[in-house]
Structure formats: structure tokens, C-alpha cells
Protein chains: 2
Amino acid sequence: MPRAADTAAQDSDFTPRQAAVLTCALSLLVEGGEKGLTTAGLARAANCSKESLYKWFGDRDGLLEAVVTFQASKVRPLGASESALDAAGYRRRLVTFAHELLSVLAGDVSLALNRLAIGQASRPESPLGRLLVERGKHSVTARGRALLSAGRRQRHLEFDDATAAYSTFYGLVVRDVHLRLLLGDALEPGEDDFAAQAEAAVSQFCRLYGSQRSVETLSTS
Amino acid sequence: MPRAADTAAQDSDFTPRQAAVLTCALSLLVEGGEKGLTTAGLARAANCSKESLYKWFGDRDGLLEAVVTFQASKVRPLGASESALDAAGYRRRLVTFAHELLSVLAGDVSLALNRLAIGQASRPESPLGRLLVERGKHSVTARGRALLSAGRRQRHLEFDDATAAYSTFYGLVVRDVHLRLLLGDALEPGEDDFAAQAEAAVSQFCRLYGSQRSVETLSTS
DNA sequence: TACATAACGAACCGTACGGTACGGTTCGCC
DNA sequence: GGCGAACCGTACCGTACGGTTCGTTATGTA
């Protein structure tokens with residue numbers, strides 16, 4: 001009985017059949033949460049046998065892990081092109097990033113997977129939360145830090161610690177929106193206008209971190 | 001105020017015995033998450049019979065609901081005294097509030113209950129998340145908004161929308177710390193120094209919202 | 001055509017949990 | 001003292017789910 005964790009982690013590329021099954025598992029997870037994803041239910045919905053599920057993923061934990069890995073493998077792209085921009089152009093880049101961040105966090109699958117990982121947090125032996133953070137969140141964070149560092153290099157921003165600066169950026173953009181969505185709370189009218197929220201957050205961020213040269217251009221919308 | 005007294009009395013509707021059982025349920029919930037709270041387990045741990053549980057709380061959902069309202073009823077206090085302060089004193093009040101906010105969110109029972117509510121979010125018919133938000137989060141939010149409004153009245157702060165201002169305050173203070181704690185992630189060294197984090201966040205907040213008169217005093221730590 | 005590999009589908013098992021029923025015990029009240 | 005309500009402890013039932021086994025059905029290869 002090979003450890004499902006190993007096989008799933010090593011070959012992150014699944015066969016087309018497995019990918020279809022995992023996609024189906026994701027949709028089951030979106031509606032119904034963790035309780036909505038049962039082995040029998042997945043087998044029925046995906047027209048496969050439970051035997052295959054256990055052969056491919058080892059056990060239920062392996063299946064959950066594979067779902068997370070599978071989803072993370074789809075969100076790989078977007079290696080932010082590092083071109084020099086003037087202050088206004090750089091500001092637009094920040095706004096775009098903030099907008100994307102909000103959109104991703106508010107997405108159905110993101111919410112479902114985060115709920116799943118949080119539900120497993122009490123079980124320290126199955127590090128699903130860690131996995132989710134490392135494969136999903138860290139890549140976004142890295143992109144954000146790189147974007148801010150590029151801004152510093154081009155003298156649009158001023159800060160010492162890129163990590164701290166990105167943390168502030170994240171806080172200004174996301175606030176408690178992510179948590180409330182996770183709780184099933186509906187957004188107030190206006191809060192769901194992610195473009196406007198991103199604009200406002202970037203304005204605030206630039207008032208805190210904009211360089212003297214650029215702060216006027218950066219902070220005004 | 002008859003209304004408030006009425007609801008407050010109804011909230012603490014539990015007999016001492018029931019309160020003891022609910023306290024026990026909370027500790028079961030802290031270790032083991034939702035899976036750790038079973039009717040049989042609670043009956044055994046609290047030395048009561050399952051029959052009594054079902055008599056008092058109806059069913060398991062009723063029990064969960066009772067746990068949430070019970071915990072919320074304990075977090076009632078702290079009706080922020082509304083005294084006029086100079087800029088430095090007001091700033092200290094903000095820092096204290098931010099520190100308390102972080103401490104509460106990082107507490108064991110808060111994390112356990114938030115995880116519970118998030119886990120139930122996929123089931124729209126049992127509005128546990130709503131309940132948690134309304135009884136716990138809203139009271140904190142209301143206190144925060146009142147604190148900011150007091151600051152505006154005393155000309156320490158300047159803003160139009162108190163709700164938006166508090167949202168920014170929350171974002172600067174909490175960032176992604178709450179979510180990462182919910183995911184079971186450990187805080188980086190330095191991040192667990194809530195006093196320092198609160199100081200830094202308040203400095204940033206005052207740079208954004210401090211009045212011209214007070215911004216110098218408010219923003220320097 | 002004969003054989004092998006893989007997967008399907010259905011039946012099955014053990015367990016854990018929500019919910020119920022029942023006998024025995026304690027405690028307050030008349 | 002006697003009565004009834006509340007409660008405890010336990011045994012029990014039905015169900016749902018994770019995991020296993022097995023007979024059958026392709027599909028591909030020599």
C-alpha cells in the first residue's frame with residue numbers, strides 16, 4: 001500500500017481521467033462543503049468506481065490532498081512582467097493586482113478549499129492548511145512582494161521591509177472581506193465592487209509608502 | 001433601557017448546570033474541532049445524560065447554537081468610557097483597542113468557534129456564521145466605530161464614513177493574521193508581539209486619518 | 001481467438017455518531 | 001413519609017460513511 005501523499009506530491013500531473021474526477025470533486029466540494037464530498041458520492045458523480053479512487057489516491061485524506069494540489073497547479077501562471085513604468089502606470093499595476101487578489105479570494109473554489117483547510121486545522125497530523133498556504137497563498141504573496149520591490153527599485157515606493165509592506169497592502173485590500181465570505185456573510189452593496197475597493201486601497205497604501213517624488217501621482221485616483 | 005436588559009437576560013438564559021455543560025462543550029470544541037464535540041462525548045465529559053442534552057437544546061444544531069450564544073454572552077463588557085483625551089491619550093486608547101482585538105481573535109475559543117461557523121457555512125439553513133458575526137463581531141465593530149467617532153468629535157481624526165474608517169483600521173491591525181491562525185499556521189517571530197503590531201498599525205492608521213492638528217502626535221510612536 | 005490489464009459497479013463490513021427509550025436515583029415540595 | 005419532576009447512565013436503533021472484496025466488462029495485444 002503506497003503512501004498516497006508521496007505519489008500525489010511527486011507527480012503533480014494527473015492523468016486526464018484523474019483530472020476529470022478531481023474537477024468533479026471540486027464542484028462537489030463547492031456545493032456542500034467537506035460533508036458534500038464522500039467517496040461514494042464522488043464515484044457516482046464522476047462515473048468511476050470507489051476502487052479506482054482508493055487506487056489512485058490511497059485514502060480520503062489523499063483525495064483531499066490531491067484536490068488541493070490539483071487546484072493549485074491550475075493557478076500557476078502570471079509571471080509579472082517586470083517593465084519600468086511611470087508612476088501612473090505603476091499605480092495601475094498595483095490596482096490590477098489588488099483587484100485580482102480580491103477576485104481570487106472571493107471565488108467559489110477558493111472559498112471552498114479554504115473552508116476545507118480550516119476545518120482540518122484541528123487535526124495537526126494532516127497539514128492540509130499548510131499545503132493550501134504553501135501552494136496557493138505563497139505564490140500570490142511572492143508576486144505581490146516582487147511587485148512592491150519593483151516599485152521601490154523604480155523609486156515609486158519607499159520602505160525597508162518588503163514583507164511588512166506587502167502585509168500592509170494585503171490588510172488594506174482585503175480587510176475582513178475574506179473572513180466574512182468564509183463565514184457565508186453577504187457583502188454590503190458597494191463592497192462587491194472590487195474595482196473601486198482596489199482603487200481605494202491602493203490610494204491608501206501609496207499615501208503610506210509612496211516616495212516623495214511620486215506620492216502625489218500615486219495617491220490620487 | 002428595557003429592550004437591552006430584556007435581550008441580555010434572555011441571552012444568559014442558561015441554568016448553572018447548563019452553563020457548566022456548555023463550558024465543557026467549549027473545551028471539547030477547542031481541542032478536536034467540530035469533530036471533537038459529539039453528544040456522547042459531551043455527556044461523558046460533562047457527567048450528564050444525552051437525554052438532558054436533547055431536552056435542553058433540541059438537537060445537535062441547537063447545542064452548537066447554544067454554545068455560540070453562551071460564549072457571546074460572556075464577551076459583553078467594556079462599554080468604552082467616553083472621556084475627552086489629548087492626542088497622546090487618544091492614541092493610547094487606539095493602541096489598546098487594537099491590542100485587544102488581536103488578542104481576542106487569536107484566542108483559543110475564538111478560533112474554535114470561527115472554525116466551527118466556517119465549517120457550517122455551506123449549510124445555509126443553519127445560520128451559525130451569521131449568529132457568530134452578529135453576537136460577537138458586531139459588538140466589537142460597534143465599539144471600534146464608536147471609538148473612532150469619538151476621535152473625530154475631539155478633532156483627533158478626520159473622515160466621512162466611520163464604517164469605512166473602521167474597516168481600514170481592522171485591515172491594518174489584523175491583516176492576514178486571523179486567517180493564518182484559522183488555518184493552523186504558526187505566527188512568525190515578531191508577529192506574535194501583539195503590542196508592537198498594534199503600535200505599528202495605529203501609527204499607519206493615524207497617518208491616513210489623523211487630523212492636521214494631531215497627526216504629528218498621533219503618528220509617532 | 002486467447003489472454004491480460006484495468007476499471008466499473010454493486011454488494012458488503014465495521015464503525016461512529018445522532019437520536020431515543022428505559023430503569024434507577026436524587027432532590028425539592030406538599 | 002410520599003410524590004413527582006428532573007436527571008443520570010446505559011443500552012439500543014437507524015443511518016451514513018470509509019474502506020474492501022468480488023464478479024463483470026471493456027480494451028488492447030500477440
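**Exercise 1.** Which side chain meets Arg130(B) in a salt bridge?

*Solution.* Keep in mind that you're looking at a predicted model. Start at Arg130(B) and cross over to chain A: the partner is Asp185(A), with 3.3 Å from N to O. A salt bridge needs the nitrogen within 4 Å of the carboxyl oxygen, so 3.3 Å passes the test. Now widen the view: chain A and chain B share 4 salt bridges, and 14 residue pairs are in polar contact across the interface.

**Exercise 2.** Work out what the side of chain A that touches chain B is made of.

*Solution.* First, count the residues: chain A brings 34 to the contact, and chain B brings 34. Next, sort the chain A side by class, which gives 14 nonpolar, 11 polar and 9 charged residues. Then look at where they sit: helix 9 of chain A gives the largest share, 6 residues. Finally, check the area. About 3,000 Å² is buried between the chains, and carbon and sulfur atoms give 61% of that. On the chain A side, Ile118(A), Leu183(A) and Leu208(A) lose the most area, together 22% of what that side buries.

**Exercise 3.** Explain what the salt bridge between Arg180(A) and Glu191(A) ties together.

*Solution.* Step one: the two side chains meet at 2.8 Å, N to O. Step two: Arg180(A) lies in helix 10 of chain A, while Glu191(A) is in the loop between helix 10 and helix 11, so the pair joins parts 11 residues apart in sequence. Step three: buried or exposed? Buried means under 20% relative accessible area. Arg180(A), at 8%, is buried, and Glu191(A), at 17%, is buried too.

Technical notes: Residues are numbered from 1 along each chain as its sequence is written. Chains are lettered from A and ligands numbered from 1 in the order in which they are written. This is a predicted model: local features need pLDDT of at least 70, side-chain atom pairs count only at pLDDT 80 or more; totals for chains, interfaces and linings use all residues. Side-chain values use heavy atoms; hydrogens and water are left out. Buried area is the accessible area (1.4 Å probe) that two parts lose on being put together, summed over both. A polar contact is a pair of N or O atoms within 3.5 Å; within protein, one must be able to donate a hydrogen and the other to accept it, and residues adjacent in sequence count only if both atoms are side-chain atoms. Helices (H or I, at least four residues) and strands (E, at least two) are DSSP runs, numbered from the N terminus. Ala, Val, Leu, Ile, Met, Phe, Trp, Tyr, Cys and Pro count as nonpolar, Asp, Glu, Lys and Arg as charged, and the others, Gly among them, as polar. Buried means under 20% relative accessible area, exposed over 50%, partly exposed in between (1.4 Å probe, protein chains only).
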